[in-house]
Structure formats: C-alpha cells, structure tokens
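Colleague: Could you pick one spot in this model and walk me through it closely? Once I have my bearings there, I'd like to see how the surroundings fit together.

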Protein chains: 2
Amino acid sequence: MTAPVTIADVARLAGVSAVTVSKTLNNTGRISEQTRARVIQAARDLGYVANPAARRLRGARTNLVGMVVPELVSPYFAEVARAAAEAASSAGLDLGVFTTSRDPARERERVAALSGGLADGLILVVPTDDPQHLDVLQRSRTPIVLISHFGTPTDLPNVRADSYHGAHAATTHLLDLGHRRVGFIAGADGSSQAHERLRAYRDATGERGLLDPDLIRPGNFTQRRGFEAARELLDLPDPPTAIFAASDATAFGAMDAVKDRGLRVPQDISVVGFDDIAAASQSHPALTTVRHPIHDMSDSALRLLSGALAGEAVRGTVLDYPSELVVRETTAPPRSS
Amino acid sequence: MTAPVTIADVARLAGVSAVTVSKTLNNTGRISEQTRARVIQAARDLGYVANPAARRLRGARTNLVGMVVPELVSPYFAEVARAAAEAASSAGLDLGVFTTSRDPARERERVAALSGGLADGLILVVPTDDPQHLDVLQRSRTPIVLISHFGTPTDLPNVRADSYHGAHAATTHLLDLGHRRVGFIAGADGSSQAHERLRAYRDATGERGLLDPDLIRPGNFTQRRGFEAARELLDLPDPPTAIFAASDATAFGAMDAVKDRGLRVPQDISVVGFDDIAAASQSHPALTTVRHPIHDMSDSALRLLSGALAGEAVRGTVLDYPSELVVRETTAPPRSS
DNA sequence: AAGATCTGGGTTAACGATTACCCAGACTGT
DNA sequence: ACAGTCTGGGTAATCGTTAACCCAGATCTT
C-alpha cells in the first residue's frame, strides 16, 4: 500500500527543489552535471514515474495516444492495433486501445474522455459515420487521425485502405489463369469495404463479359458463412472453378467446403481471400489473398499524429493505400484448360 | 479547435458555482431540484465531460481500468481483452488495453504510468515473473488483479486458467477412443501454460503405459510449426493415429499436414487443439479442443477489481478456472479399432 | 421568541507537475 | 572596479476537479 512516489519525494532525496527535478527529467532549463546525476539517481532509486494525470492537466504531454477500434477479436483490428502500438512505441509514445463494440454512444464517450484529458492524440478506426459526431471530432483541440473513414467528408487527416484495386487485381488474376466462372462470397452488408470489394469483382468480371449474378453469394466475413456459401456455389449446375472470398476467414471456410467435397485446392478449385491475416501465410496450402498495407497505414497514422502534436498542419490530408494481391498456393489454372 | 468545456463554463451558464456543478453531476451534497435541472441542462447543452486527468489527480475515480497484455494478435489475448471490456462495461467501467510486446521494461513503465495516475485499477495478464517487479505491484496503492500468473507467489488477487485438467482430459479422450499412439506438439518454451499442457499429456499417456518420447515434438504455438511437426510425426516409422496440439493454431497446421498427405480428419487421424479460438468452432470439420473459460475469468477479474475499488479485501484470493474439453468433429476412433 | 436544525449553496485548499519569472553568485570585459 | 552576462537553481502560479468547511436564511422546537 505504498503511496506513489511523487516529484517531491525525489526532490527531497536529491536535496533539491521539485522544479529542479522536473527540469532535469524533462531536459529543460539549466542543470549542472552534478545535480543532474543526483536527481537521476534519486529518481531511479525511488522508481519515480511522473503522474500522467498531473502532467496532462498542466498542459504538458502524456505521451499517451488513444486508439478507438470497434472490436479486437477480428484479426484485422488486432493487427491494426499491434502495428499502431509498434509505430507508437518507436515514436516514443504509448498506445492505449479502447473498444466500442460498435456502439456509437460508447464511441462518443470514449472520445470525449480521451480527448478531454487522458491522451495527447487520438486514432479512430472506422469512426461512426454520424455528421454531428464527426463535427465534434473536427472541432476537438486534441489531434485526431482517422483510419479508413469513408463516409461524410471531414478535414481530419484520414488514412484509408482502398479495397477496390486489390479486389480487382485478385479477380483479374483468376481470370488471367483461365477461369471463366469465378464465384464471389461477399462481406457484411453495410460495410463500405465489403461494398468496394464486390464492386471491384463486378467490374473485373464484367469487363470480360463473365459476370453472372448466380455466382455472387451474400456473406458476413465469417468462416462459417464461407463454408455454407461455398457449398451453395459448388452445388450450382454449372459451378465455379474459382472462388473469391471477401475475407480470409471466409476463404478458409470455403476451402473447408472444397476439401469436404473431396476436391483439392488449387487443383480443382482456386480460392482467394482478402486481408492477409497471419493464418493466411501459415495455412497449407498458403492462401492467395489481398493485403492491406496495415503496417504502412499505422505508420502513417502515427506519423500524422506526431506531426500534429508537433504543430504541423495535417488537416485535409488523405492517404489512400492501395491493397495488393499476394499470390501464394491456392490459385492455379482450372482443370479444363 | 474548440477548447474543451470545463466545469467553470457549465457553472457560468447555469449561474452557479463550479462546486455546485460538481455536486450536482456527482450526486453529492444537497442541491435543489431547480438548480439541479438548470445545471444538467447546461452541462448537456455544452456537451460537458469532466476532465479525467483533473478528476483523477484530485483522487476521485476515473472509471478507467487498465489492462496490460503481452500482445493482442494471438486470439487468446484478443478474446481475454474483449471479455474484459464487456465485463468492465457492464460494471460501469472503461477498459484501456496496453501491450508490452513481452518487454519487461515496457511492462514496468506501463504499470507505473497507469497506476500512478491514469487508471483506477489494473488487470495484468501474464505479468513478468520478476520478484522485484511483483514486489512493486504488491505495494501499489491502486488495486491490481493478476490473470494467469503462475510464478513467484504474491498476495495479489489472481485469476488463473488451469491448463492441466483440460489437457489431461483431452489426452484421455483420445486414449478412450482407442488410440494407442497419440502425438503431442508442444507450445513455446518458457510458457508455463505450455509446460502444464505437456505435463498433463505425459501424465495421461504415462498412466496407461503409452508414453513414447518420439511422439513429442517441440512447437511454438504457431500454425506453421504445427504443419511441420505433424509432418514429422506422420513420417515416423510407427506414426500416431491422433495428434494433440498445444494450441488451436498448431492444430490447424497439423490438420493441413494431414490433409496434405491425402489423409482425412478424423477418419485417418484425430486432431485436438487447445484454446477454443473462434475459428475452432467455425472450421470444418469443427475442431475438438480445450476451452479456457475466458469469459468467466474476465468476469471474475473485474468483479475482484470492482470489489477492491469499493474497499473490499481481496488480497490473497486465487481463483483457478479449470479448462474443459469441447468435443467436436476432429476426433474419432482409430481406423484399426 | 430565542436557540436549534435544516437547506442550499458558496469558499478554500489540495491533488502533482510544469512553466514563467526571478535572483544570487561567478565570471567577463573594458 | 563596476556594470553586464551567464550559471544554476528556486518561487509562485496554474491546469480542472472535488472534499472539507462554512454560512445565510428558512423552518422547527419548546
């Protein structure tokens, strides 16, 4: 039950004033080498860490950045959080991750509490697309960076993942291999990313006159639904020879269905996923998929935030990161060709 | 760039003093209905949210709980974080998740910063087992709850996941099905959980005189290593008819290897995992595995923390949650029997 | 009817750290 | 030798909120 050690404790032990301790530890003001050494020693001995609340209240920096994500269980968000934590760490910042469970009210509270007095800056992943909410964000004094916000435009810096190009490339890849019937298992309704992926699939197949509505199945990003939807596709009178799933999990479900039918991937059926989660490269055969440059995105988000913290003007910046196709082992030319 | 609205702004608008606003909003002290209504209205109009830093500094509660985890990418920690966030939310608390990347120094910093002035309480998942570090934790004034700490004993409340029983049950399950050669793919060296799982496997096979060191392969919890290790096992002169993997990811890798050999799960080879990650129930065939009662554990951890926050004596509490076998579709009697 | 009690709200101080400002002594230059 | 500069460090004020006290007027006692 030891009370936390304060700056006064350190000052007492070092035989100086609290101000001198503060100056020493923050490298501000003039301090002699002797005193500096004494202070640092005392701080170390006591295990002193400045109280962030006090620091923040005084207007100084906390070096804490808050990240608000819808949830953490889907590998995508987990990966974004991890990449951001690493980027933050190498920028000398700490990252605290807060989840909203996709509850707009909770998102508002989190943002208010964090920007009000805990964090130096905020990174919002897929913020709720509510004009009023976004307006509040825009007026906030604490720097905010958006990740993958696609709705109502704002002038907040926004780092976006562009699903379209990757999805288009993936579909084209299958077409180029010789597939003429490529099935698509969609993502969740209402997700802008899901919408983009479907649009790209439609465009790519349409360009070659190979668009068949029967080959498009609804989905929800889950593995289970991937399994079912793939079954539906395989049960078609004229089944596809390749399946493009809107997420890796869905693709794994689809692969399960293919194997369950006694067919082989990729010899009988090619499968492509989307996201490049960790399991994609580790499964066997390794999944051909589309990768969001999550690391680059998180790096950029943190660079923008650091910039804003340092007073740079970052308003209006929009960084679009194209997704890219990663060809592994689950795609091959169709049997017939 | 609106400056955050402070309690003084609300006071001014409502025509009262700051203290009255504080009392009203915190339901402390006597306030007339009239005044109360005016204050609440003003606060709402201004969108006032108390500055957590100031509040915390004054010694009042932040309603923020910090959770420190090694990382977030492995589904296990992601799930623990999610369950804790839900439990926190229903206890009226917010949960901020911080990662350490398994860096002890970073863990110490995080804990110091959080307990020093950000969070009301802390939940530490798998804390570094350093006596000195643990001593600091034990002296901390802010309540701390440990999750799955197995090393140096402390009197901090500790909610533990017991891997042993579940792993023993899993092995016995395979043995009861008639398997006489059960392979084991271990977890990462140095993980106490990995050690317990191996110990249980050894005990369970040993009890029936079926322990064969050749059937034990090193692993590291990854899918890739599961694939390789399973190959090694299948290449044995007298290969196992069942494989018990120390994690679900490893089990998936093993299943890949089995299928890659043209064998079927569970007809030719049974596979059991450990953790019951989301993909376990969604894959096909659905994975037989061992589940940690993560939700119960997180609930308990938060209950303990809330209790401590409310002044209850929770020191010394140790809750051991047994892991339990979940039989799904990847286990069956061996071919020969 | 005069003290006691209650009501509703204000005053003051404090939390821990930082910043702006100040000052004593040592050193410089001419 | 005396004003100016530099060095090293201290004092006071401040951030936003709340707990501990206090007090004026209304209401209640007997």
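Modeller: Let's start at A:Arg181. Leaving aside neighbours within four places in sequence, A:Arg181 is in contact with A:Asp212, A:Leu215, A:Asp238, A:Pro239, A:Pro240, A:Thr241 and A:Ala242. Keep in mind that this is a predicted model.

Where does A:Arg181 sit in the chain? A:Arg181 is in the loop between α8 (163–176) and β6 (182–185) of chain A. Two of its contacts can be looked at atom by atom. The side chain of A:Arg181 makes a polar contact of 3.1 Å with the side chain of A:Asp212. With A:Asp238 the partner is the backbone: its oxygen lies 2.7 Å from a polar side-chain atom of A:Arg181.

From that loop, step into the sheet. Chain A has an open sheet of 4 strands, ordered β7-β6-β8-β9, and the pairing is parallel. The edge places go to β7 (216–217) and β9 (270–272) of chain A; each has a single partner strand, so one side of each is left without a neighbour in the sheet. β6(A) and β7(A) run parallel and are joined by 2 bridges, with A:Phe184 standing opposite A:Ile216 in β7(A). The helix on the other end of our loop, α8(A), packs on this sheet as well, touching β6, β8 (242–245) and β9 of chain A. The direction of α8(A) makes about 175 degrees with that of β8(A). Another helix, α10 (residues 223–234) of chain A, lies across β6, β7 and β8 of chain A and runs at about 150 degrees to β6(A).

A few local details of chain A are worth clicking on. In the loop between α11 (248–260) and β9 of chain A you'll find A:Pro266, which is joined to A:Val265 by a cis peptide bond with omega about 5 degrees. Then there's A:Asn63, in the loop between α4 (52–57) and β1 (64–69) of chain A. A:Asn63 isn't a glycine, yet has a positive phi of about 60 degrees. For a pairing inside a helix, try A:Arg82 and A:Glu79: they form a salt bridge whose closest N and O atoms are 2.7 Å apart. The two are 3 residues apart in helix α5 (residues 75–90) of chain A, so about one helical turn separates them. Over all chains, the structure holds 48 salt bridges.

Now over to chain B. Here 4 strands form an open sheet in the order β7-β6-β8-β9, again with parallel pairing. β7 (216–217) and β9 (270–272) of chain B are at the edges with a single partner strand each, so each has one side without a neighbour in the sheet. Further in, β6 (residues 182–185) and β8 (residues 242–245) of chain B pair in the parallel sense over 4 bridges, and the bridge partner of B:Phe184 in β8(B) is B:Phe244. Helix α9 (residues 192–207) of chain B lies across β6, β7 and β8 of chain B, at about 165 degrees to β6(B). Chain B has a cis peptide bond from B:Val265 to B:Pro266, with omega near 5 degrees, and B:Pro266 lies in the loop between α11 and β9 of chain B.

Finally, how do the two chains meet? 51 residues of chain B are in contact with 50 residues of chain A. About 4,600 Å² is buried between them, with carbon and sulfur atoms giving 57% of that area. B:Val73, B:Gln282 and B:His284 supply 13% of the area that chain B buries against chain A, more than any other three residues. There are 2 salt bridges across this interface, and B:Arg110 and A:Asp94 meet in a salt bridge through their side chains at 2.8 Å, N to O. The interface also has 13 residue pairs in polar contact, both residues being at pLDDT 80 or more. Several elements of chain B supply at least two residues each to the side that touches chain A, among them α5 (75–90), β2 (94–99), α6 (104–118) and α7 (131–139). α6(B) gives the most, with 7 residues. By type, the residues on that side of chain B divide into 22 nonpolar, 15 polar and 14 charged.

Note on methods. Residues are numbered from 1 along each chain as its sequence is written. Chains are lettered from A and ligands numbered from 1 in the order in which they are written. This is a predicted model: local features need pLDDT of at least 70, side-chain atom pairs count only at pLDDT 80 or more; totals for chains, interfaces and linings use all residues. Side-chain values use heavy atoms; hydrogens and water are left out. Two strands pair if DSSP finds at least two bridges between them. Contact means heavy atoms within 4.5 Å. Axes are lines fitted to C-alpha atoms, for helices over the stretch in contact, and angles run from 0 to 180 degrees between N-to-C directions. Buried area is the accessible area (1.4 Å probe) that two parts lose on being put together, summed over both. A salt bridge is a side-chain nitrogen of Lys or Arg within 4 Å of a carboxyl oxygen of Asp or Glu. A polar contact is a pair of N or O atoms within 3.5 Å; within protein, one must be able to donate a hydrogen and the other to accept it, and residues adjacent in sequence count only if both atoms are side-chain atoms. Ala, Val, Leu, Ile, Met, Phe, Trp, Tyr, Cys and Pro count as nonpolar, Asp, Glu, Lys and Arg as charged, and the others, Gly among them, as polar.
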